[in-house]
Amino acid sequence: MSQALAVFCREYQRLSADNLSVLREIYAPHIQFQDPSHMLSGIDDLVSYFENLFSNVLYCQFEIEQVMEQEGEAFVRWQMRFAHPKLNGGGEICVPGVSQLRFSEQIDFHRDYFDLGVMLYEHIPLMGTLVKTIKRRLSQ
């Protein structure tokens, strides 16, 4: 496993509100980051994003499950477990996802793929019931 990818996997599994400075070791200054609800450019914007994320949750933990790497690019399959006081009654939410990474010395590009409904919409009163009903009807 390349050094940049090894650092990413190790540090994401230890990431917390107390050690967000490690993001500057993981990511290049010109990082391009995208997830289902955000597009960010540059390390300062990414650090701010994570500071906001961690200030609003009771906890957030990542578990790396599988890594596939080839020539400066990788796909990392993970589970994110978090609790937010306004979602799911403050109980744990588990979101499976995949990160596409491109890197040389550090991560230059990071795109997350996950179901925003599982993470957010299904846990909002009224909206959650609607989303779950739609999913149920589509599966019949």
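This note goes through the fold, the strand pairing, the aromatic contacts and the cavities of a predicted model.

1. Overall make-up. The protein chain has 140 residues, and buried residues account for 41% of them. Its secondary structure amounts to 5 helices and 6 strands. In sequence order the pattern reads α-α-β-β-α-β-β-β-β-α-α.

2. Strands E1 and E2. Strand E1 covers residues 27-35, and strand E2 covers residues 38-41. The two pair in the antiparallel sense, with 4 bridges. A hairpin connects E1 to E2 through 2 residues. Gln34 has Met39 in E2 as its bridge partner.

3. Strands E4, E5 and E6. E4 and strand E5 (residues 92-103) run antiparallel and are joined by 11 bridges. Within this pairing, Gln79 is opposite Pro96 in E5. E5 also pairs with E6, again in the antiparallel sense, over 7 bridges. Here Gly97 is opposite Phe114 in E6. The connection between E5 and E6 is a hairpin with 3 residues between the strands.

4. The parallel pairing. E1 and E6 run parallel and are joined by 4 bridges. Tyr27 is opposite Ile107 in E6. E6 spans 107-114. E6 therefore has two pairing partners here: E5, in the antiparallel sense, and E1, in the parallel sense.

5. Stacked rings in helix H3. The structure holds 9 aromatic pairs. Phe50 and Phe54 count as stacked because their planes are at 25 degrees, with ring centres 6.5 Å apart; the cut-off for stacking is under 30 degrees. Both residues belong to helix H3 (residues 43-56), where they are 4 residues apart, about one turn of the helix. Phe50 and Phe54 are both buried.

6. An edge-to-face pair between strands. Phe62 and Trp78 are edge-to-face, at 5.8 Å centre to centre and with 80 degrees between the planes. This pair links distant parts of the chain, since Phe62 is in strand E3 (residues 59-70) and Trp78 is in strand E4 (residues 73-83), 16 residues apart. Both rings belong to buried residues.

7. The aromatic cluster. Which residues form one aromatic cluster? They are Phe8, Tyr12, Phe33, Tyr49, Phe50, Phe54, Phe62, Trp78 and Phe114. The cluster thus takes in the stacked pair of Phe50 and Phe54 as well as the edge-to-face pair of Phe62 and Trp78.

8. A charge over a ring. Arg102 lies over the face of Phe109, and the distance to the ring centre is 4.2 Å.

9. The largest cavity. A search of the whole structure returns 2 cavities of 30 Å³ or more. The largest cavity has a volume of about 120 Å³. It is lined by 12 residues, of which Asp35, Tyr49, Phe62, Met80 and Asp112 are the closest to its centre. The elements giving two or more residues to this lining are E1, H3, E4 and E6. H3 gives the most, with 3 residues. By class, the lining of the largest cavity has 10 nonpolar, no polar and 2 charged residues. Asp35 and Asp112 are in the lining, and Asp counts as charged.

10. The second largest cavity. Its volume is about 40 Å³. The lining consists of Phe8, Tyr12, Phe62, Ile64, Trp78, Ser99, His110 and Asp112. Helix H1 (3-12), E3 and E6 each supply at least two of these residues. By class there are 5 nonpolar, 2 polar and 1 charged residues.

11. Where cavities and rings meet. Phe62 and Asp112 line the second largest cavity, and both are also among the residues closest to the centre of the largest cavity. Phe8, Tyr12, Phe62 and Trp78, which line the second largest cavity, are members of the aromatic cluster. Tyr49, one of the residues closest to the centre of the largest cavity, is a member of the cluster too.

Definitions and conventions. Residues are numbered from 1 along each chain as its sequence is written. This is a predicted model: local features need pLDDT of at least 70, side-chain atom pairs count only at pLDDT 80 or more; totals for chains, interfaces and linings use all residues. Side-chain values use heavy atoms; hydrogens and water are left out. Rings of Phe, Tyr and Trp (its six-membered ring) pair if their centres lie within 6.5 Å; planes under 30 degrees apart count as stacked, over 60 as edge-to-face and the rest as tilted. Buried means under 20% relative accessible area, exposed over 50%, partly exposed in between (1.4 Å probe, protein chains only). A charge sits over a ring if NZ of Lys or CZ of Arg is within 6 Å of the ring centre and within 35 degrees of the ring normal. On a 1 Å grid over the protein atoms alone, a cavity is a set of points where a 1.4 Å probe fits but cannot get out, and a pocket is an open set with protein on both sides within 12 Å along at least five of seven lines; lining residues have an atom within 4 Å of a point. Grid points are joined across faces, edges and corners, and a volume is the space filled by probe spheres set on the points.
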